[in-house]
Amino acid sequence: MPNPYVTPELCFNFHYFAIRKMHFLMRAKAVCVFPGGFGTMDEMFESLTLIQTGRMEQVPFLFFGRAFWERVIDWDLLVEAGTIAPADLELFRYVETAEEAVATIRDWKGAGKKREHIPGRT
């Protein structure tokens with residue numbers, strides 16, 4: 001059942017969840033992630049991985065609520081463990097307000113470009 005707030009002509013029903021995610025991402029001009037659970041984490045990590053590996057063009061990638069995200073994900077530990085490169089921390093930004101998000105999206109460097117080299121990999 002669609003969300004009652006969805007505009008009817010913009011309501012799409014995808015049989016396969018992966019196709020839904022692909023269609024959203026291939027049209028995205030930015031990704032804004034709000035605190036959430038497993039579904040949020042799934043889509044967030046998949047999107048970051050596609051950008052990290054150069055399979056998708058870079059887009060502004062924003063986490064709303066630094067306090068939540070820094071407590072849930074220890075990015076520095078991932079760097080220390082060697083599972084992500086220090087440069088991967090530049091793939092996203094934290095924001096707190098809509099105004100801050102708009103300014104960050106407007107000033108994003110590298111938007112629309114794919115990574116040709118994955119940092120930390122030869």
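Is Cys11 buried, partly exposed or exposed? Let's work through that and a few more exercises together.

This is a predicted model, in which local features need pLDDT of at least 70 and side-chain atom pairs count only at pLDDT 80 or more, while totals for chains, interfaces and linings use all residues. Residues are numbered from 1 along each chain as its sequence is written, and side-chain values use heavy atoms, without hydrogens and water.

**Exercise 1. Classify Cys11 and Cys32, then count the disulfides.**

Step 1: Recall the classes: buried is under 20% relative accessible area, exposed is over 50%, and partly exposed is in between (1.4 Å probe, protein chains only).
Step 2: Cys11 has a relative accessible area of 33%, so it is partly exposed. Cys32, at 37%, is partly exposed too.
Step 3: A disulfide needs a pair of cysteine sulfur atoms within 2.5 Å. The count by this rule is 0.

**Exercise 2. Describe the nonpolar cores.**

Step 1: Take a nonpolar core as a set of buried Ala, Val, Leu, Ile, Met, Phe, Trp, Tyr and Cys residues joined through side-chain atoms within 4.5 Å.
Step 2: The largest one holds 18 residues, and Met44, Leu48, Phe61, Phe63, Trp69 and Trp75 have the most contacts inside it.
Step 3: At least two residues come from each of β1 (31-33), α2 (38-52) and β2 (61-64); helices (H or I, at least four residues) and strands (E, at least two) are DSSP runs, numbered from the N terminus. The top contributor is α2, with 4 residues.
Step 4: A separate second core has 5 residues, among them Leu62, Phe64, Ala101 and Trp108.
Step 5: For context, nonpolar side chains tend to be buried together in soluble globular proteins.
Step 6: Zoom in on Leu48: leaving aside residues up to four places away in sequence, it touches Phe61, Phe63, Trp75, Leu91 and Phe92, where contact means heavy atoms within 4.5 Å.

**Exercise 3. Locate Asp88 and list what it touches.**

Step 1: Asp88 sits in the loop between α4 (75-80) and β3 (93-95).
Step 2: Its relative accessible area is 5%, so Asp88 is buried.
Step 3: Not counting residues up to four places away in sequence, Asp88 touches Gln52, Arg115 and Pro119.

**Exercise 4. Compare the settings of Asn13 and Tyr16.**

Step 1: Asn13 lies in the segment before α1, and Tyr16 is placed in the segment before α1 (17-27).
Step 2: Asn13 is exposed because its relative accessibility is 78%; Tyr16 is exposed at 57%.
Step 3: Asn13 and Pro2 are 11 residues apart in sequence, with 8.2 Å between their C-alpha atoms.
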